[in-house]
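Colleague: Could you take me closely through one part of this model, the central strand region, and then place that part in the chain as a whole? I would like the pairing and the burial treated together.

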Amino acid sequence: MKKLFPFLKPYRFQLIIGPFFKLSEAILELLIPTIMALLIDNGVNAGNRDYIIKIGILMLIIATFGVLFAYICQYSASLASQGFGTDVRNAMFKKIGAFSFAQLDKFGTPSLINRITGDVNQLQSAVAMLIRLVIRAPFLCVGGLVMAMAIDLRLSIIFMIVIPLFIVVLFLVMFKAVPLYQSVQKKLDKLTLVLRENLSGVRVIRAFAGVKREKKRFNDKNTDYADTAVRVGRIAALTNPVTTIIMNLAAIAVIYYGGIRVNTGHLSQGEVIAFINYITQILNAMIIVANLVILYTKAYASAIRVGEVLSEDAEITYGAADAMPASDTAVELKGVSLTYPKSKLPSVENINLTIKTGETVGIIGGTGSGKTTLVSLIPRFYDATEGEVRIFGENVKSYSEVALRGGIAIVQQRAALFSGTVADNLRMAKADATEEEMRKAADTAQATEFIDRLEDGFNTHISQGGNNLSGGQKQRITIARALIKNSPILILDDSASALDYATDASLRRAIKENTSSQTVIIVSQRVNSVKDADKIAVMDDGRIVGFGTHSELVKSCEIYREICYSQEQLEEGFENEE
């Protein structure tokens, strides 16, 4: 909760001026019943027309100022709440951008989306109500009670009995509802996860005739969410009827005993009407307070979720080195191990690997052998739990984020493209890239041929996630995006898995010809993709079990021989073509 208070500081003026004018409006509203009593007793009952006109003009002036004060308050509330929400979302987005992959895994994408949208919207509403109603409603309750006491102290005892009952009801609702609202938000996260998986994987679901199964899965999560929401809704729904019953019973008591007081001469007709008006004001204010309790119960649950993100310190902090020095060794891993959070066994263990500057090194191994985990340590997507990673002789932790990201280009397994043009996606790596540079990178990535066939070439629009392109086309664009960066280190993490053998071979030849000054790391499960590398690291069960050239490993590494043997039958024709 404390993490959110600084976001209100820029709007201190609105937080002061808004409630001030709302309070001024409430004061004017409290005067109306008393003025109405004077109008009835001294004007209507006395038949004094001039007095009626004079009081009517006064009430019109009060109403005009009330509207003006309400407008100023509403405007202040809009500025403060929208500005607060915008600032919180910006801060959350910046914070999420600094999270390590492990922290992103911890929260989960659906949960982060809900927190930065739904939860922040809930907090925006809370800020708006803070300015508009949090002071006004209680003030009308207290002010109405004081004005009623000023008219008749004995009759106002009814309010002193009713208000504690009202507070007890609100406390019980809040006590029951807060944990349930937190549960509702968590179940909404799970529902969003299922929805996101279904929308992104709709082709797979239909291909495996899983629509019926996924409908049931979505229905189960949706029903669970709805049941919890209905449960908390029932509790919240009790608030208004219970409080209305309490206040209406109070109104009945006031009318009954007020009539007796009029008959005994202790109250005038105008004073009874004023007293009833104050009852109405208090009733309305109490109902608003009840709704505010529900609103702030939701906001409290949302504030905890938003605060969890804002209070999460980035696990990865960067150093001060803003440039990578010249060195004969590009990458060096010394006794490196990594154990993922909530995992009992390390994904990679005791890795020792040295890659010389300008070398092309292949990393091969079976599924789950730790290849991707290993290369993820180089750009610090994850920090090693043991050992040290060095880039050009310096600890990877000593580099600034700009230096590290500028010095390493990586193409990950999953080809990630963004909505925009082909050129927009390529310029993510280099904002000022010329058309000539983009074409050169696309040539190397074997992408020019299909890009030129597109309707608008490099200006062709790409839909979200590149859904209007094939898997191989998406991979080639992501490779071109990494190449255009021209970083000292280039990592290709199984980035050609969707390419046919001929295109893959052409791609490898082009990369070798155009990246002679770069250190290239190629991760693959295909022997043909790595066999021409200067050195090959063979991984098995999180360890490097062989390191050397293709011919050396065929003789010395049994696991590498097994991989070669298993793929010779599949790739024999391709090898003969080469």
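Modeller: Strand 6, which covers residues 408-411, runs parallel to strand 9, and 4 bridges join the two. This is a predicted model, and everything that follows should be read with that in mind. Within this pairing, V411 is the residue that stands opposite L492 of strand 9. Strand 9 also pairs with strand 10 (residues 519-524), again in the parallel sense, here over 5 bridges. L492 takes part in this second pairing as well, with I522 as its bridge partner in strand 10, so that L492 has V411 opposite it in strand 6 and I522 as its partner in strand 10.

How many of the 5 residues of strand 9 are buried? The count is 5 of the 5 residues in the run 489-493, and strand 9 is therefore largely enclosed by the rest of the structure. The burial applies to both of its faces, since I489, I491 and D493 point one way while L490 and L492 point the other way, and all are buried. D493, whose side chain counts as negative, is thus among the buried residues that point the same way as I489 and I491.

A further set of pairings involves strand 11. Strand 3 (residues 360-365) and strand 11 (residues 535-540) are parallel partners over 5 bridges, and V361 has K535 as its bridge partner in strand 11. Strand 11 then pairs with strand 12 (residues 543-548), this time in the antiparallel sense and over 5 bridges, with V538 standing opposite G546 of strand 12. The hairpin formed by strand 11 and strand 12 leaves 2 residues between the strands, and D541 there adopts a positive phi near 55 degrees.

There is also an open sheet of 4 strands, with antiparallel pairing and the order 2-1-4-5. Its edges are strand 2 (348-356) and strand 5 (394-395), each of which pairs on one side only. Strand 1, residues 329-338, meets strand 2 in an antiparallel pairing over 6 bridges, and within strand 2 the residue L353 is the bridge partner of L333.

Some helical positions can be set beside these strands. S376 belongs to helix 11, residues 371-376, and counts as buried at 8% relative accessibility; when residues up to four places away in sequence are not counted, S376 touches F381 and Y382. T448 lies in helix 15, residues 448-453, and is likewise buried, with a relative accessible area of 10%. Apart from neighbours within four places in sequence, the contacts of T448 include R439, A442 and D443.

F166, in helix 6 (residues 157-200), is buried with a relative accessible area of 1%. With neighbours within four places in sequence left aside, F166 is in contact with T243, M286, I287, V289 and A290. One of these contacts, V289, is 123 residues from F166 in sequence, yet the two C-alpha atoms are 10.0 Å apart in space.

As for the chain as a whole, the secondary structure comes to 20 helices and 12 strands. The radius of gyration of the protein chain is 35 Å, well over the 25 Å that the globule rule gives for 578 residues, so the chain is more spread out than a compact globule. The C-alpha trace spans about 115 × 45 × 45 Å along its principal axes. Buried residues make up 46% of the 578 residues, and among contacts with a separation of 6 or more, 78% join residues that are 24 or more positions apart. The accessible surface of the protein chain comes to about 29,600 Å², with 58% of that area belonging to carbon and sulfur atoms. The chain carries 61 positive and 57 negative side chains, and the centres of these two sets lie 10 Å apart.

Technical notes: Residues are numbered from 1 along each chain as its sequence is written. This is a predicted model: local features need pLDDT of at least 70, side-chain atom pairs count only at pLDDT 80 or more; totals for chains, interfaces and linings use all residues. Side-chain values use heavy atoms; hydrogens and water are left out. Two strands pair if DSSP finds at least two bridges between them. The radius of gyration is taken over C-alpha atoms; the globule rule is 2.2 Å times the number of residues to the power 0.38. Buried means under 20% relative accessible area, exposed over 50%, partly exposed in between (1.4 Å probe, protein chains only). Contact means heavy atoms within 4.5 Å. Accessible areas come from the Shrake-Rupley method with a 1.4 Å probe; for residues, only the protein chains shown count as cover. The place of a charge is taken as NZ of Lys, CZ of Arg, CG of Asp or CD of Glu.
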